[in-house]
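Here are my notes on this one, as numbered points. Have the viewer open while you read.

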Amino acid sequence: MHSQSSLVASSSLASFDLTAKSTNQLLRWKYSSCCTMWAVSVLIFVSVYATYHLTLFPGVPGGDSGELLANACNGGVNHPPGYPLFSMLANLAVKVPFPRVYLDGGSQRRLEMDWDPTPAWKVNNQAAVLGALSAVLVFLSSHSLFHGSG
């Protein structure tokens, strides 16, 4: 009887050690997976933003863009539906000083910096940043959906 209880105690101790070891491995795997997720998210953001930035429209495109941009500059209200979130964010983008970095098209091919870009470029750049963020959110949500939240 005594030998059976020591056997049970030793087997439960062995299973406890095995559980602690597997938990430690699981935590280490989750940490490396989390770091990998951040690295992939940053890579997606940079690649999508770089693509958008290289194809960024420097001025005012057609359609309602002129009205939306004019109201973003003076804080006005757009025609219905008004796009309130876009209007507020565009107004903020116009007021925040953000330099335009571009590749000079001359023979030396060097990076140039414009410290006073047009309001149209600022709003278009904001749309590129938000588009890159939405690509990261689509990646993270689809990963969470298909691989579980943990």
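1. Let me start with the pocket. Its lining is made up of His53, Leu54, Leu56, Pro58, Arg100, Val101, Tyr102, Leu103, Leu111 and Trp121. That list belongs to the second largest pocket, which has a volume of about 200 Å³. Bear in mind that this is a predicted model.

2. Which elements supply at least two residues each to that lining? They are helix H1 (2-54) and strand E1 (100-103). E1 gives the most, with four residues. Sorted by class, the lining of this second largest pocket has eight nonpolar residues, one polar and one charged.

3. Stepping back to the whole chain, you'll find four helices and two strands. Read along the sequence, the pattern is α-α-α-β-β-α. Of contacts between residues at least 6 apart in sequence, 60% join residues at least 24 apart.

4. Now for burial and surface. The chain has 150 residues, and buried ones make up 20% of them. About 10,800 Å² is exposed, and carbon and sulfur atoms supply 69% of that area.

5. The largest nonpolar core has six residues: Leu69, Ala72, Ala90, Val94, Ala120 and Val123. Helix H2 (65-74), helix H3 (84-95) and helix H4 (119-147) are the elements that give two or more residues to this core. A second, separate core has five residues, among them Tyr49, Trp121, Ala128 and Ala132. Trp121 is worth a click, as it also turns up in the lining of the second largest pocket.

6. Zoom in on alanine 72, one of the residues of the largest nonpolar core. Setting aside neighbours within four places in sequence, alanine 72 is in contact with Ala90 and Asn91. Ala90 is itself listed in that largest core.

7. Asparagine 124 deserves a look too. Its place is in helix H4. Is asparagine 124 buried or exposed? It has a relative accessible area of 17%, and the cut-off for buried is under 20%, so asparagine 124 counts as buried. Leaving out residues up to four places away in sequence, asparagine 124 touches Leu56, Phe57 and Gly59. Leu56 is also among the residues that line the second largest pocket. As for alanine 90, the C-alpha atoms of that residue and asparagine 124 are separated by 9.0 Å, with the two positions 34 residues apart along the chain counted as their spacing.

8. Compare that with aspartate 64, whose place is in the loop between H1 and H2. Its relative accessibility is 37%, and partly exposed covers what falls between the 20% and 50% limits, so aspartate 64 counts as partly exposed. Aspartate 64 and asparagine 78 are 14 residues apart in sequence, and their C-alpha atoms are 9.4 Å apart in space.

9. One last thing to check in the backbone: where is the peptide bond that is cis? It runs from proline 80 to proline 81, with omega near 10 degrees. Proline 81 lies in the loop between H2 and H3.

Definitions and conventions
Residues are numbered from 1 along each chain as its sequence is written. This is a predicted model: local features need pLDDT of at least 70, side-chain atom pairs count only at pLDDT 80 or more; totals for chains, interfaces and linings use all residues. Side-chain values use heavy atoms; hydrogens and water are left out. Buried means under 20% relative accessible area, exposed over 50%, partly exposed in between (1.4 Å probe, protein chains only). Contact means heavy atoms within 4.5 Å. Accessible areas come from the Shrake-Rupley method with a 1.4 Å probe; for residues, only the protein chains shown count as cover. On a 1 Å grid over the protein atoms alone, a cavity is a set of points where a 1.4 Å probe fits but cannot get out, and a pocket is an open set with protein on both sides within 12 Å along at least five of seven lines; lining residues have an atom within 4 Å of a point. Grid points are joined across faces, edges and corners, and a volume is the space filled by probe spheres set on the points. Ala, Val, Leu, Ile, Met, Phe, Trp, Tyr, Cys and Pro count as nonpolar, Asp, Glu, Lys and Arg as charged, and the others, Gly among them, as polar. A nonpolar core is a set of buried Ala, Val, Leu, Ile, Met, Phe, Trp, Tyr and Cys residues joined through side-chain atoms within 4.5 Å.
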